[in-house]
Amino acid sequence: MGNHRIKQHPILPVPRKKEIMFEFNSQPMLAYEGEMIASALIANGIYVFGHHHKDGSAQGIFCANGQCAKCTVIADGVPVKSCMTEVKAGMIVKSAEGLPEVPMEKGPSQRAKIEEIHTEVLIIGGGPSGLSAAIELGKKGIDTLLVDDKHIMGGKLVLQTHKFFGSEQDSRAGTRGHDIAKLLSLEVRAQESVEVWTNSTVLYVFSDKKVGVIKEGVYKLVIPKRILNAAGAREKFLRFPGNNLARIYGAGAFQTLVNRDLIRPTNRLFIIGGGNVGLIAAYHALQAGIEVVGLAEAMPQCGGYKVHADKIKRLGVPIYTSHSIKSANGEHLVESVTITEVDSKFQAIEGTEKSFACDTILVAVGLDSLSEFTLEAHAAGIPVYAAGDALEIAEASSAMFNGKIAGLKIANDILYGEGSEGNIPDEWYAKAQLLKSHPGQIKGYQDPHPGRDLFPVFHCLQEIPCNPCTTVCPNNSIHTEDGTLMGLPKYGGQCVGCFRCLLVCPGLAVTLVDMRKDKEMPNVVIPYEIGSIPVNKGDIVQLMDIDANELGEYPVFRVLDFKDRRTQLVVVKVPVAIAKKIAGFRAQDKSVSEPLEKPIITTSLADDAMICLCERVSVKEVRDLIKQGITDLNQIKAITRAGMGPCGAKTCDTLIRNLMREEGVSAEEVVANTRRPIFVEATLDIFPDGDSK
Ligand code: SF4
Ligand code: SF4
Ligand code: FES
């Protein structure tokens with residue numbers, strides 16, 4: 001049982017926190033005041049939080065966001081989601097072995113009356129879009145209540161240690177996500193007309209136009225005139241044999257543990273999914289000193305930005321495109337992963353399996369919008385708006401911008417009448433569109449720089465909505481090729497070697513070639529942020545080109561430490577022939593990513609995978625019903641219990657719909673599950689007793 005806390009982080013401060021003691025299965029354990037039970041357990045090396053009542057398999061966290069219920073433990077006699085429940089000094093925590101017992105009745109509720117709070121606007125969610133909207137509403141002096149279920153605001157921004165893409169002017173590109181969260185939170189707190197409730201969960205939007213909220217353990221009813229759903233998204237899960245093992249995490253859970261709670265939940269990680277989330281998680285893992293064994297992406301090309309993919313490849317993380325997970329292997333916990341090449345129809349190609357030893361698998365295969373609040377508010381007849389991931393899954397830079405638009409739109413509707421466009425400039429809509437653009441064309445390098453001795457090289461060859469490098473040059477020497485946010489950066493002017501473009505680039509995709517002193521052996525300056533793998537003067541590094549091809553080993557000539565930017569600039573002296581090709585150097589040793597000698601092929605079939613983890617229902621059970629013609633999710637639930645578990649069908653709904661599509665069922669034929677009356681579990685004792693006056 002070790003201590004898995006991160007003591008040093010290259011980007012994040014590691015604050016001293018008050019220590020408290022609690023008990024887990026009669027073992028005394030140390031926690032930090034204010035942290036969640038799940039985080040405290042993992043910090044103590046506990047990954048199994050209980051065993052499933054149906055098959056006895058180990059249960060641990062998946063989402064760390066209150067969505068999946070895999071993390072249930074018994075805290076002081078009450079079953080709770082450990083990822084959302086704060087650990088307290090002296091708390092007695094027990095693993096949930098089978099179905100938890102119903103806690104003893106404490107007598108009638110002491111709460112006699114529910115407080116009702118009226119507000120003009122209720123914002124559900126204090127992430128990038130909710131905060132941005134609250135600022136706009138606050139600027140107009142509109143009475144607003146913002147409710148967030150975490151103890152700090154910022155949503156996914158809090159989890160992001162990398163510098164942001166997007167436009168510097170509109171979405172603070174070049175600044176790190178968690179710094180943006182602090183800035184936005186401060187700005188919201190400064191708005192007099194905006195009240196903020198943290199640690200508060202929205203349960204439901206009722207048909208009488210009242211919204212049930214648990215504010216720090218006390219149930220209240222909010223009566224808003226309008227609602228903005230900025231609740232974000234939940235992670236998608238995947239079907240594969242072994243998907244019920246403990247230590248399979250969603251990317252958000254991983255980032256929560258590593259970047260919010262400063263806990264190292266794994267030593268060897270394998271990532272499934274090459275979108276931006278998976279690629280960034282790989283980078284965050286390296287920053288936290290975690291070995292990243294590899295990343296598999298089913299498409300022939302990663303869906304995330306090329307600069308992200310290139311960055312992790314050259315740091316030493318192999319990316320297996322056209323590969324998918326075949327199985328997670330292990331008895332109770334993940335011990336290894338087997339991946340396989342897939343054809344153009346995503347069918348596994350036999351004989352191409354590779355297995356890797358790893359203790360954790362991270363599933364980063366996309367997000368589903370949390371649209372429930374929008375639907376219920378609509379049904380209740382409350383004017384409702386949506387922003388950020390709750391509206392459409394996109395980058396946080398885009399969420400900030402569309403939150404801003406939503407805030408101003410609501411203000412306009414209130415001040416000037418419904419549907420009024422008021423003072424929202426047309427270019428805002430155009431920018432919002434641009435910021436959520438998918439990556440575009442991949443092009444070649446810019447022409448060489450004849451006659452210049454000092455110049456930046458942009459290893460940024462794919463059109464993405466990003467421009468901070470173009471705004472920092474003191475000589476205004478960097479522009480995008482066509483003047484748009486999506487255009488590739490081009491250098492043309494007089495570089496003075498200020499390094500600003502290297503330090504601001506979120507993709508670490510700019511190097512500087514300096515031939516002023518030596519034209520044959522110029523200096524090349526490379527940005528670097530992986531403090532967990534330190535690089536010092538005199539170290540030998542394997543230099544890499546943009547595609548992670550080796551360019552040779554060279555000694556580090558100098559290291560410049562920009563502590564305020566939390567970035568180092570590593571200088572190497574190299575032959576001129578390779579100077580412009582150098583995009584970075586390998587940081588993680590090659591041996592980390594070597595496959596096992598023989599692939600592990602399990603006897604399980606793909607259809608043995610679980611489709612409903614709460615109730616342990618297999619793909620086969622559900623597929624058989626679909627083949628019999630059942631397309632009603634309620635019937636599938638009644639027959640198999642898939643969707644009846646504590647997560648409220650949040651995990652299996654998408655998986656079953658995908659299965660139906662595979663079986664040729666059209667979206668129109670699918671009958672949706674009947675929505676449960678509250679979206680989040682709540683203990684009955686928070687509600688006033690029916691007899692109380
Ligand atoms: S290093 Fe400085 S002067 Fe040179 S191109 Fe970059 S920002 Fe401009
Ligand atoms: S080089 Fe410029 S446009 Fe490309 S990722 Fe870096 S900052 Fe963005
Ligand atoms: S891990 Fe706690 S609800 Fe998903």
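Author: Contact here means heavy atoms within 4.5 Å, and by that rule Pro128, Leu131, Ser132, Ala134, Ile135 and Lys139 in helix 2 meet Ala181, Leu184, Ser185, Glu187 and Val188 in helix 4. By class, this contact has 7 nonpolar, 2 polar and 2 charged residues, where Ala, Val, Leu, Ile, Met, Phe, Trp, Tyr, Cys and Pro count as nonpolar, Asp, Glu, Lys and Arg as charged, and the others, Gly among them, as polar. The model is predicted, with local features needing pLDDT of at least 70 and side-chain atom pairs pLDDT 80 or more, while totals for chains, interfaces and linings use all residues. Residues are numbered from 1 along each chain as its sequence is written, chains are lettered from A and ligands numbered from 1 in the order in which they are written, and side-chain values use heavy atoms, with hydrogens and water left out.

Reader: What makes helix 2 and helix 4 roughly parallel to each other?

Author: Helix 2 (residues 128-139) and helix 4 (residues 177-189), each a DSSP run (H or I, at least four residues for a helix; E, at least two for a strand; numbered from the N terminus), pack at an angle of about 30 degrees with their axes 9 Å apart. The axes are lines fitted to C-alpha atoms, for helices over the stretch in contact, and angles run from 0 to 180 degrees between N-to-C directions. Angles under 35 degrees count as roughly parallel, over 145 as roughly antiparallel, 65 to 115 as roughly perpendicular and the rest as oblique, so the pair is called roughly parallel. The crossing of helix 2 and helix 4 is left-handed, a term for a near helix turned anticlockwise from the far one by less than a right angle, clockwise being right-handed.

Reader: Is Ser185, which takes part in that pair, buried or exposed?

Author: Ser185, whose place is in helix 4, has a relative accessible area of 13%. Since buried means under 20%, exposed over 50% and partly exposed in between (1.4 Å probe, protein chains only), Ser185 is buried. Not counting residues up to four places away in sequence, Ser185 touches Leu131 and Met153.

Reader: Why are helix 14 and helix 16 called oblique to each other?

Author: The axes of helix 14 (residues 619-627) and helix 16 (residues 652-662) come within 10 Å and cross at roughly 50 degrees, and this angle falls in none of the three named ranges, so the two helices are oblique. Helix 14 passes helix 16 in a right-handed crossing. Val619, Val622, Arg623 and Ile626 in helix 14 meet Ile656, Leu659, Met660 and Glu662 in helix 16, and by class this contact has 6 nonpolar, no polar and 2 charged residues.

Reader: What makes Glu663 partly exposed?

Author: Glu663, in the segment after helix 16, has a relative accessible area of 27%, which lies between the limits for buried and exposed. Leaving aside neighbours within four places in sequence, Glu663 is in contact with Arg623, Ile626 and Lys627. The C-alpha atoms of Glu663 and Gly629, 34 residues apart along the chain, are separated by 9.9 Å.

Reader: How do you know that helix 7 is mostly covered?

Author: In helix 7 (residues 306-315), 9 of the 10 residues are buried, among them Val307, His308, Ile312 and Leu315. What covers these buried residues includes helix 6 (276-287), strand 17 (291-297) and strand 29 (523-528). Just after helix 7, Gly316 takes a positive phi of about 115 degrees.

Reader: Which value makes the phi of Ser26 worth a remark, and why is Ser26 called exposed?

Author: Most residues other than glycine have a negative phi. Ser26, in the loop between strand 1 (19-24) and strand 2 (27-32), has a positive phi of about 75 degrees although it is not a glycine. Its relative accessible area is 58%, so Ser26 is exposed.

Reader: Why is Leu508 called buried?

Author: Leu508 lies in the loop between helix 12 (500-504) and strand 28 (510-514), and a relative accessible area of 6% makes Leu508 buried. Its phi is near 45 degrees, a positive value in a residue other than glycine.

Reader: How do you know that Leu12 counts as buried?

Author: Leu12, found in the segment before strand 1, has 7% relative accessibility and therefore counts as buried. Not counting residues up to four places away in sequence, Leu12 touches Thr161, His178, Asn259 and Leu262.
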